[in-house]
Amino acid sequence: MKAVIAIDSLKGSLTSLEAGEAIKKGIMKVYKEAEVVIRPVADGGEGTAVALTLGMNGKLEKVKVTGPLGKEVEAEYGILEPSETHKVKTAIIEISAAAGITLVDEKDRNPLETTTYGVGEMIKDAIAKGCRHFIVGIGGSATNDGGIGMLQALGFGILDKNGKQVAFGARGLSELETISDEFVLPELKNCTFRIACDVTNTLCGEQGASAIYGPQKGATPTMIMQMDKWLANYAALSGEKYPNANMNQAGTGAAGGMGFAFLTYTNAVLESGIKIVLEETELEKYVKDADIVVTGEGRLDGQTVMGKAPVGVAAIAKKYGKKVIAFSGCVTEDAIACNEHGIDAFFPILREVVSLSEAMDTKNAAKNMAATAEQAFRLIRLMNKK
């Protein structure tokens with residue numbers, strides 16, 4: 001028996017690797033000689049950096065950077081040394097570590113003031129440590145500055161009428177007159193970026209960054225109109241100098257315009273988060289000769305089929321005709337859609353009525369995961385004997 005486990009984290013409870021180890025424990029109680037391979041999985045959102053770094057034998061780095069409100073925060077990102085999989089030193093970054101909405105109290109949320117400068121400082125730190133390839137999770141930002149803060153940290157001149165760097169936040173866009181690149185970090189031109197982006201919003205307009213995501217970041221209707229106008233001007237100025245500037249491209253509105261900044265000013269591609277993760281971890285190589293593939297996430301529901309990790313894993317497994325089962329903290333009635341997208345059967349791991357805090361306790365969740373996996377694989381062994 002060879003089982004490949006590729007399960008997303010149960011957020012607030014088990015990491016991807018902790019969930020995988022619990023499932024392995026359950027399998028080994030049934031198939032004592034089984035070969036069990038655990039591969040890290042995330043969909044590009046929160047937890048991606050840690051899951052990929054630890055799952056691929058990388059190391060986590062901590063660096064002091066400028067937080068979204070301009071105050072110092074400690075951000076964490078991952079580094080992978082060159083290997084057969086990654087020919088160059090690779091950094092795995094989540095922009096939320098430096099510019100995340102969870103770093104700002106709700107009463108203090110104001111996209112006119114919040115900056116992405118710390119994201120640029122993280123990239124700069126990774127470049128100084130030899131990284132030339134970047135995997136970037138772009139979700140969960142508190143910002144709507146079009147990425148100008150990040151660009152300033154990397155050496156771009158985002159300048160006002162007096163030739164000085166504009167202020168932090170979307171307010172800085174209102175001051176923008178010229179863009180200069182004479183002091184850009186020289187190594188940046190040799191860097192490549194894979195940006196995990198699962199939204200299709202454009203930079204401006206009714207489906208743009210300001211209109212769709214501005215309100216949750218503290219924007220008023222007046223701010224939204226102003227920021228949309230400022231971002232359009234920023235895009236026009238960018239287009240005068242950089243041929244990749246396209247404010248109408250899908251994904252440019254991601255993270256308050258960070259999608260636009262990456263596509264315009266760096267050697268970047270925007271891709272599905274789970275696509276990036278599955279390719280970078282080479283899951284397909286491990287699935288080819290597996291007898292069964294195990295996946296899952298914290299909650300299986302109708303949204304799981306919309307580009308979430310379990311369905312991405314299942315798609316690879318079905319390419320090779322493998323059976324797929326999934327475990328999750330809970331399931332909803334509409335999770336049955338997963339059966340039509342490659343997951344042959346799924347199992348909630350909760351074994352008795354308990355409070356939410358008890359269910360999410362790491363020790364309880366690991367115990368429940370192992371016990372549920374054991375019972376599922378007892379059934380598999382029984383059916384294989386027939």
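**Entry 1: Ser-238 and helix 9**

With which side chain does the side chain of Ser-238 make a polar contact? I looked this up in the model, which is predicted. The partner is the side chain of Tyr-265, at 2.6 Å. I placed Ser-238 in helix 8, which covers residues 221-239. Its relative accessibility is 0%, and buried means under 20%, so I recorded Ser-238 as buried. I then listed what Ser-238 touches, leaving out residues up to four places away in sequence: Ile-179, Ala-245, Phe-260, Thr-264 and Tyr-265.

Among the buried residues of helix 9 I found Phe-260, Thr-264 and Tyr-265. I therefore looked up how many residues of helix 9 are buried. Helix 9 spans residues 254-265, and 12 of its 12 residues are buried. Ala-254, Gly-256 and Met-258 are also among them.

**Entry 2: Helix 14**

I next turned to helix 14, residues 362-385. Helix 14 has 24 residues, and I noted 35 Å from its first C-alpha to its last. This is close to the 34 Å expected at 1.5 Å a residue. At the start of helix 14, I noted that a side-chain oxygen of Asp-361 comes to within 3.2 Å of the backbone nitrogen of Lys-363.

Which residues of helix 14 are buried? I listed Ala-365, Asn-368, Met-369, Ala-370, Ala-371, Thr-372, Ala-373, Glu-374, Ala-376, Phe-377 and Ile-380. Against what do these buried residues pack? I found two helices, helix 1 (16-30) and helix 13 (356-360), together with strand 11 (292-300), strand 12 (323-331) and strand 13 (345-348).

**Entry 3: Helix 1 against helix 14**

Two packed helices are described by the angle between their axes and by the distance between those axes. I looked up both for this pair. The axes of helix 1 and helix 14 come within 7 Å and cross at roughly 40°. Because of this angle, helix 1 is oblique to helix 14. I recorded the crossing of the two helices as right-handed.

I also listed residues where the two helices meet. On the helix 1 side they include Ala-19, Ala-22, Ile-23, Gly-26, Ile-27 and Val-30. On the helix 14 side they include Ala-366, Met-369, Ala-370, Ala-373, Phe-377 and Arg-381. Of these, I had already entered Met-369, Ala-370, Ala-373 and Phe-377 among the buried residues of helix 14.

**Entry 4: Pro-348**

Strand 13 holds Pro-348. Is Pro-348 buried, partly exposed or exposed? Its relative accessible area is 40%, so I recorded Pro-348 as partly exposed. Leaving aside neighbours within four places in sequence, I found Pro-348 in contact with Ser-328, Cys-330, Val-331 and Thr-372. Thr-372 is one of the buried residues of helix 14. Cys-330 lies 18 residues from Pro-348 in sequence, and their C-alpha atoms are 5.0 Å apart in space.

**Entry 5: Two positive phi values**

I looked up the phi angle of Asn-57 and found a positive value of about 60°, although Asn-57 is not a glycine. Asn-57 is located in the loop between helix 2 (48-55) and strand 3 (59-66). Its relative accessibility is 76%, so Asn-57 counts as exposed.

Glu-282, another residue other than glycine, has a positive phi near 55°. I located Glu-282 in the loop between helix 10 (273-280) and helix 11 (283-287). With a relative accessibility of 28%, Glu-282 counts as partly exposed.

Conventions. Residues numbered from 1 in each chain as written. Predicted model: local features only at pLDDT ≥ 70, side-chain atom pairs only at ≥ 80, totals over all residues. Heavy atoms only, no water. Helix = DSSP H or I, 4+ residues; strand = E, 2+ residues; numbered from the N terminus. Expected span 1.5 Å × (residues − 1). Buried < 20%, exposed > 50% of the residue type's maximum accessible area, 1.4 Å probe, protein only. Contact = heavy atoms within 4.5 Å. Polar contact = N/O pair within 3.5 Å; in protein donor to acceptor, adjacent residues only side chain to side chain. Axes fitted to C-alpha atoms, helices over the stretch in contact; angles between N-to-C directions. Parallel < 35°, antiparallel > 145°, perpendicular 65-115°, else oblique. Left-handed = near helix turned anticlockwise from the far one by under 90°.
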